[in-house]
2 protein chains.
Amino acid sequence: MTVYSELSPSPRTILTPGPVEVDPRVLRAMSYPILGQFDPEFTAIMNDAMAMLRSVFRTGNEWAYPVDGTSRSGIEAVLVSLIEPGDKVLIPIFGRFGYLLQEIAERCGAEVVVLEKTWGQVFDPEEVISAIRREKPELVAMVHGETSTGRIQPLKDIGHACRENDVLLVVDAVATIGGVPVDVDDWCLDAVIGGTQKCLSIPSGMSPITYNERAERKILKRKRVEKGIRQTADYGDPSKEGFSPIRSNYFDLSQLQDYWSPLRLNHHTEMTSMLYALREGLRIVLAEGLDARFARHRRQEAALVAGLSAMGLSLYGDASCKLPVVTCIDIPEGVDGESVRAMLLDSFGIEIASSFGPLKGKIWRIGTMGYSCSRKNVLHLLGALEAVLVRHRVPVNVGAGTQAALDAYDSV
Amino acid sequence: MTVYSELSPSPRTILTPGPVEVDPRVLRAMSYPILGQFDPEFTAIMNDAMAMLRSVFRTGNEWAYPVDGTSRSGIEAVLVSLIEPGDKVLIPIFGRFGYLLQEIAERCGAEVVVLEKTWGQVFDPEEVISAIRREKPELVAMVHGETSTGRIQPLKDIGHACRENDVLLVVDAVATIGGVPVDVDDWCLDAVIGGTQKCLSIPSGMSPITYNERAERKILKRKRVEKGIRQTADYGDPSKEGFSPIRSNYFDLSQLQDYWSPLRLNHHTEMTSMLYALREGLRIVLAEGLDARFARHRRQEAALVAGLSAMGLSLYGDASCKLPVVTCIDIPEGVDGESVRAMLLDSFGIEIASSFGPLKGKIWRIGTMGYSCSRKNVLHLLGALEAVLVRHRVPVNVGAGTQAALDAYDSV
């Protein structure tokens, strides 16, 4: 019989666009003994988490709770609950995660219309708004912070246009929530999906979502409760004329909201330890304060960008729409990007990321998110990257990167 | 601004059919700092978990890995990946979780045929086998251990009949894995779903699954890789004749197995801390030894049943198919079952369960699963239940329950 060794993960400085380092207080929260899912102490923790999520999403929505899965589980839950087969869905795409929205929407049976933007740029809101007027979709789905390219899409004008045209707007804010403003109500976003393992610095495993009454109306039209726990005759008879039940049980938001409501209608068994982590992580975010947290992310970004530029590296993408929490670097000509990443990890314990599809092998991506987004980490990375690039015979301005970052910190 | 208090869950003795108490070593594993998902140390942990799952499922299957969600996420992943819309699916139902299989299969677009058994009983395998011959379904899905009624379904003959008739057999072993034998290969089960939060005593949040080459062939026929990470031209063109892509992205086992394979094709961001918990929990299960673990569950069941009977309580359901890890008690006439449960929790810190649907208010359910399945807990419960029943003016044989359980322990 194989004898397995004790778990003993090495310490890492994680500067990818997620997952990132987790606050030790959140790690500790997961080590507490569990409670039963209907224990009043546990349902109180569920309610705390909902209230905290409303604050983080800056919304008055009743519904703000986690879907139990990784970030894309939240995206799929929102899309499969809102999209009826045959619905027309407009998806403006400016990177890999836009394609993910397309993929999921297609699997939901949507008639998908895409707008594509060259990677490294984002849409002028007017481009999207005129497509909305032209295509008259039921729903628009788009990414807020696109980690594959390190860009951020302005959403406020698009949100208001969707509201005026009575179109539902679904936003993937997985990469931005907790690091960059996401003003759900002010921007008129109907349903928003956040991620835990990025700027919230909670381990991957839950996907916080919020949606308003406009979205809820569509969801409730499709409600169906499974036999064995039905409490009323109005459970959603599939033979009803025009009734299009949600195609997933696990991702059925009409049932999930009953589970998260005082009704507590049994659905899944809530992930106890992950919910402890979520509550503690959100508590830490709110104790820091959202505005202070956004400012901290901006400060580290400024120092990192100053350091990389002073080193002589060139940044990828349109600077006017740079995502503050992800910084992309063009891999210098002739350099094996994976070899640089491997040496950073093996010798310095630092992880940075590569990218996907057309950008594979072309750029490195550095995340400065949540607990990982610290002066110590930025300075550590700049020194380490310089050393590794020198070992790879890349001409860099030796010593300049760290000094430029220190200057940037001094100037604020 | 609301100030939230520190997380501080009360200690509980959890004797429900899940979630149950978690081994402190598993809780500690979740408190380790995280690794990036493509860090070689992390992918080694993924591989360890797969190898351990093969042992726990007693299978030589290549594929044994967790789906990232609660138990029903694993069920839905298997069903949505295996069922093409229009497929005929036979579901023998003997409790609430059979209805869940029906519900999910219907949402997958299956033509579902059900067999229903009075709650409290299970099927004679011949009943299922003759239905298989009559209905000629593509797939049979059924529950192994039905926690809603506390019954266990013998599967070996059904498994062999499915193999002979070239029908895929999917089994929900959420409640049994790690507590009762689940012999995947010996019983000819094609796809099996386990749960973490029951006999494995890991927090809810992952659903271990395994499936064989028969199941894999059907899954791969439906494979489609999303744009943005496609590496080959053979990504699954939906316009291909007769091609029926899997309707879910999150639950698409063809993509999940690529992520869990050496290919490591990016899908979701693996749940780091939950995977630490899974690896540690499985390590503990294998260190105890499966047979020793099953025997421990049987010992506690025998003592509990002896104690409850000596107290004068009557057990619910057909004794010949009692699920060893769940013991159901008829709530005595005129007793408010919820009041008893509340007093057990408030005064003694013990949680037991009620049930669903037709059994709501009729039975209590006591789980003896995993780390919760201990002599200490059984004795603690018997004393506490006696005290609470006396306070509720239920005539019980005072003092007899605990003594009978001690006798049962002495006799082995």
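**Notes on a two-chain predicted model**

1. Start with one short distance: a polar atom of the A:Lys198 side chain sits 2.6 Å from the backbone oxygen of A:Pro17. That makes a polar contact (N or O atoms within 3.5 Å; within protein, one must be able to donate a hydrogen and the other to accept it, and residues adjacent in sequence count only if both atoms are side-chain atoms).

2. Before going on: this is a predicted model, where local features need pLDDT of at least 70, side-chain atom pairs count only at pLDDT 80 or more, and totals for chains, interfaces and linings use all residues. Residues are numbered from 1 along each chain, chains are lettered from A, and side-chain values use heavy atoms, leaving out hydrogens and water.

3. Is A:Lys198 buried or exposed? A:Lys198 counts as buried because its relative accessibility is 8%; the cut-off is under 20% relative accessible area, with a 1.4 Å probe and protein chains only. You'll find A:Lys198 in the loop between strand 9 (191-194) and strand 10 (207-211) of chain A; strands are DSSP runs of E, at least two residues, numbered from the N terminus.

4. An unreviewed UniProt entry lists A:Lys198 for "modified residue: N6-(pyridoxal phosphate)lysine". Such annotations may be inferred rather than shown by experiment.

5. Now the two chains. A rotation of 180° with 0.0 Å of shift along its axis puts chain A on chain B, RMSD 0.0 Å, so the copies are related as by a two-fold rotation axis. The fit is by least squares on C-alpha atoms of residues with pLDDT of at least 70 in both.

Notes. Helices (H or I, at least four residues) and strands (E, at least two) are DSSP runs, numbered from the N terminus. Buried means under 20% relative accessible area, exposed over 50%, partly exposed in between (1.4 Å probe, protein chains only).
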